[in-house]
Amino acid sequence: MLGSLKMPGSWFQVWCKLMALQSANRADDKERAAPRGFVKTSQRDLQARCNLSAASVNEASQFFAHIGWMRTAKRGILQLNPWLTVAGTSGEQEKWQKLWNDAKGPACIIPHPDYPTEWRQAREAEKKAAEAARRKEKVVTLRQRRPVRKASA
């Protein structure tokens, strides 16, 4: 499915690193920094691991959050959508899906191949509209204060 999306290679790289950071091994449950289904990382860490710019990692993260493939659980902890990323017993799946639902995780969409391009264009249009609205705001000039003159005696 990922191969059919016409997404930038940097986004694909970020997703693959996130998946690799999500340890699904049951043997290390006790020593894991974050519970299964969660990833302990930061934008800076992803930049270093992927050898990408901050803008590239940030844009990829925003896109994956937008389509409901991940969410920020708390600072430095991401939760990847369990319907997409976590394999386990049915009981484990229910537990992880309940965590996602209780946190009001975004609804997951499987985008069509051109959706990444459309999403980028929509974001760019929103930025331009916000900038145009900011420029149209009326600038109010403040009156200059008159210097206070001392009364002569």
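Start by selecting E118 and H112: their side chains are joined by a polar contact of 3.2 Å. You are looking at a predicted model. Now colour the helix around E118. This is α6, which covers residues 115-136. Is E118 buried, partly exposed or exposed? Its relative accessibility is 39%, so E118 counts as partly exposed, because that class lies between the 20% and 50% cut-offs.

**Zoom out**

Show the protein chain as a cartoon. Count 6 helices and 3 strands. Follow the chain along the sequence and you meet the pattern α-β-α-α-β-β-α-α-α. There are 153 residues in the chain, and buried residues make up 31% of them. Next, think about contacts between residues at least 6 apart in sequence. Of these, 64% join residues at least 24 apart.

**The hairpin**

Select residues 70-74, strand β2, and then residues 77-80, strand β3. In which sense do β2 and β3 pair? They are antiparallel, with 4 bridges. Pick R71 and look across to β3. Opposite R71 stands Q79. Now move to the turn. The hairpin has 2 residues between its strands. Click on G76, which takes a positive phi near 85°.

**The largest pocket**

Stay with the hairpin, since the next stop includes G76 too. Select T41, S42, Q43, L46, S61, M70, T72, K74, R75, G76, I77 and L78. These residues line the largest pocket. The volume of this pocket is about 210 Å³. Which elements give two or more residues to the lining? They are α2 (43-50), β2 and β3. Strand β2 gives the most, with 3 residues. Colour the lining by residue type. You should find 4 nonpolar, 6 polar and 2 charged residues.

**Helix α3 and S56**

Move on to residues 54-66, helix α3, and select S56 within this helix. Show its side chain together with that of S53. The two side chains make a polar contact of 3.1 Å. Which residues does S56 contact, once its neighbours within four places in sequence are left aside? Select S10 and W11 to see them. Finally, add V14 to your selection. V14 and S56 are 42 residues apart along the chain. Use the distance tool on their C-alpha atoms: the separation is 8.9 Å.

Methods: Residues numbered from 1 in each chain as written. Predicted model: local features only at pLDDT ≥ 70, side-chain atom pairs only at ≥ 80, totals over all residues. Heavy atoms only, no water. Pairing = 2+ DSSP bridges. 1 Å grid on protein atoms, 1.4 Å probe; cavity = no way out; pocket = protein on both sides within 12 Å on 5 of 7 lines; lining within 4 Å. Points joined across faces, edges and corners; volume = space filled by probe spheres on them. Nonpolar A, V, L, I, M, F, W, Y, C, P; charged D, E, K, R; others polar. Contact = heavy atoms within 4.5 Å. Polar contact = N/O pair within 3.5 Å; in protein donor to acceptor, adjacent residues only side chain to side chain. Buried < 20%, exposed > 50% of the residue type's maximum accessible area, 1.4 Å probe, protein only.
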